[in-house]
Structure formats: structure tokens, C-alpha cells
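Student: I should like to examine this structure through a series of questions. May we begin with individual side chains and then turn to the strands?

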Amino acid sequence: MAGYHGSVTEDHLSRLVGQTHRAVSAREAELPLEKLLRRVRPSDRYFHSALAQERFHLVGEYKKSCPVQGKLSDTSKQTAFVSALEGCGTALAVHCSEMYGGDIRLLKTMRAICDLPVLCADVLIRPYQVVEARTWGADAVLLMPSLVDHRNLGEMMSQARILNMATVVLVHDESDLDAALRCRARIIAVSGRSAETYKIDTKGMQRLLANTPYDCIRLAVGGLSSKAQLDELREEIDGVMIGSALMKAKNPAQLLRRLGFSS
């Protein structure tokens with residue numbers, strides 16, 4: 001999701017959000033929220049508790065493709081990816097947006113083969129989608145203040161709490177961070193991508209991290225692929241989200257060892 005800013009034009013993103021609104025409205029008209037809630041049980045894999053433990057955390061991002069790099073992997077690598085992640089990771093993030101080669105059903109597939117807490121990364125703009133994500137097996141959702149207003153962000157976070165789900169709020173700039181803090185976000189993922197160039201912007205990330213309270217769980221996300229990058233940030237964050245580098249690796253377990261993660 002960090003790739004939305006910089007890799008996709010604002011017009012494209014606006015159209016995507018509009019399409020999502022219409023699609024969610026249609027699904028909710030067919031199956032109202034009250035009825036959907038009767039079909040769902042609260043999460044029993046504790047995403048927030050897992051990240052609150054005293055260690056440097058890894059959240060592995062499973063995505064089949066990305067807007068900039070194109071196709072990253074295919075389903076034949078799911079087992080190797082999960083095996084490597086379960087050896088040293090804390091949680092699994094599943095990209096469900098079509099922009100990343102996924103859909104909501106991928107949550108069920110990945111949850112079935114992975115025992116870690118599962119995060120749904122999608123274009124989430126309505127509380128209804130939070131409940132949908134839970135029905136497909138998500139234990140947490142990734143929310144982006146840049147896509148919704150303050151009220152809607154708060155409502156999605158409230159809906160997640162009702163279902164014992166965690167929320168990870170992805171921030172790209174000071175405005176996003178302010179929205180996350182006003183909604184009392186407990187887990188904040190700070191993007192390392194420049195919104196203008198899509199290049200790694202470590203200084204920008206460090207500036208945002210400096211303004212992120214230490215009582216939040218702080219994750220770094222976006223283009224991190226070397227131990228040097230992680231070492232530079234290690235004292236300022238509680239963990240990282242790694243996607244493209246892990247998906248492209250011929251040997252995911254070997255890559256994670258090179259990055260400093262061990263079982």
C-alpha cells in the first residue's frame with residue numbers, strides 16, 4: 001500500500017476510491033451490515049499483542065505484483081514464503097487490492113497455511129469492509145488517512161475493535177500522522193517512499209518517526225531491502241514491513257537471515 005503514493009496518479013487513485021465506494025454500496029445493499037455482523041466471530045489471533053512483545057518485529061507482505069515493479073511472484077511460492085516468515089516473523093500482511101494482484105479471497109487462502117496473525121491490506125474506506133475482511137480471516141486491517149476523512153477513519157477503527165481486530169495506520173506525511181494520532185492509533189506504519197518520486201526517503205521517514213509517540217508501535221514500510229537500511233532505523237522503530245524484496249527472493253528464508261532475522 002505504500003506504493004499508492006507516487007506510483008499511481010491522483011486521478012487514478014480517485015477513480016479507484018470511487019469504484020470501491022460503489023462496489024461496497026452494492027454489496028451492503030445486498031447484505032446489510034447488521035446481517036453480515038451475525039456471520040462473523042471476533043479475531044482469535046492477537047495481532048496487537050504479538051507486536052507488543054519485546055523484540056524487533058517482521059511483518060511479511062504477501063503481494064503478487066505491485067504498480068511499479070509489475071509481477072513479483074506466483075502462487076507456487078506461497079509455501080516457501082510462509083515457511084520463511086513463520087520461522088522469524090510476527091505477522092503476515094496480505095495485499096488484497098487488484099493493483100497488487102490480489103482479492104479479498106486471498107485472505108482465506110493465506111490464513112489456511114499460516115499460523116501468524118493476518119493483516120488485510122486493501123483500499124479500505126468503509127466500516128463494512130472491515131467486517132468483510134474479518135469474515136475472510138483478517139485479524140487486523142491497514143488503514144490510510146489519505147483515503148478517508150477523520151470521522152470515517154475513526155469509525156473503521158471502532159469497528160475493528162469490536163471484532164477484536166487491530167488497526168495499522170499507514171502514514172506518508174505529517175497530515176496523515178496527525179489524523180492517525182487524533183484517532184489514537186496504537187500501531188503506525190511510516191512509509192519510506194517519497195510521495196512525489198516513489199524513491200526511498202529515509203530522512204522523510206525519520207522526520208515522521210521523530211514526531212510519532214514512543215507509546216505507539218512504530219513500523220517502517222516501503223522499499224526496505226538491505227540490512228544497512230534496517231540498522232539505520234532499528235533504534236527508532238519496533239519493526240518493519242517487507243514485501244517486494246521478500247516476494248522476489250529466490251530463497252526467502254536466506255534473505256531474511258541476511259537482513260538479520262533468525263528463528
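**Two buried side chains and the strands**

Student: The side chain of His57 reaches a backbone oxygen at 2.9 Å; to which residue does that oxygen belong?

Tutor: This is a predicted model, in which local features need pLDDT of at least 70 and side-chain atom pairs count only at pLDDT 80 or more, while totals for chains, interfaces and linings use all residues. Residues are numbered from 1 along each chain as its sequence is written, and side-chain values use heavy atoms, leaving out hydrogens and water. A polar contact is a pair of N or O atoms within 3.5 Å; within protein, one must be able to donate a hydrogen and the other to accept it, and residues adjacent in sequence count only if both atoms are side-chain atoms. At 2.9 Å, the backbone oxygen reached by the side chain of His57 is that of Leu51.

Student: At what distance does a polar atom of the same side chain, that of His57, lie from the backbone oxygen of Arg55?

Tutor: His57 has its place in strand 1; strands (E, at least two residues) and helices (H or I, at least four) are DSSP runs numbered from the N terminus. From a polar atom of the His57 side chain to the backbone oxygen of Arg55, the distance is 3.4 Å.

Student: Is His57 buried or exposed, and what is its relative accessible area?

Tutor: Buried means under 20% relative accessible area and exposed over 50%, with partly exposed in between (1.4 Å probe, protein chains only). Contact means heavy atoms within 4.5 Å, and beyond four places in sequence, His57 touches residues including Ala50, Thr90, Asp238 and Phe261. His57 is classed as buried because its relative accessible area is 1%.

Student: Which residue's side chain makes a polar contact of 2.7 Å with the side chain of Asp139?

Tutor: Asp139 is found in the loop between helix 7 and strand 6 (140-143). Among the residues that Asp139 touches, not counting those up to four places away in sequence, are Arg45, Arg111, Arg134 and Asn164. The polar contact of 2.7 Å joins the side chain of Asp139 to that of Arg111.

Student: What is the relative accessible area of Asp139?

Tutor: The contacts of Asp139 include Ser43, Phe47, Leu116, Val118 and Met165, again not counting residues up to four places away in sequence. Asp139 counts as buried, because its relative accessible area is 0%.

Student: Which residue in strand 5 stands opposite His95?

Tutor: Strand 4 (residues 91-95) is mostly covered, with 5 of its 5 residues buried. Ala91, Ala93 and His95 point one way and Leu92 and Val94 the other. Two strands pair if DSSP finds at least two bridges between them, and strand 4 is joined in parallel to strand 5 (residues 118-121) by 4 bridges. Opposite His95 stands Ala121.

Student: Which residue stands opposite Val94 of strand 4?

Tutor: Strand 1 (residues 57-62) runs parallel to strand 4, and 4 bridges join them. The residue opposite Val94 is Tyr62.

Student: In strand 7, which residue is the bridge partner of Val141?

Tutor: Strand 7 (residues 166-171) has 6 of its 6 residues buried. Ala166, Val168 and Leu170 lie on one side, with Thr167, Val169 and Val171 on the other. Strand 6 and strand 7 pair in the parallel sense over 4 bridges. Within strand 7, the bridge partner of Val141 is Thr167.
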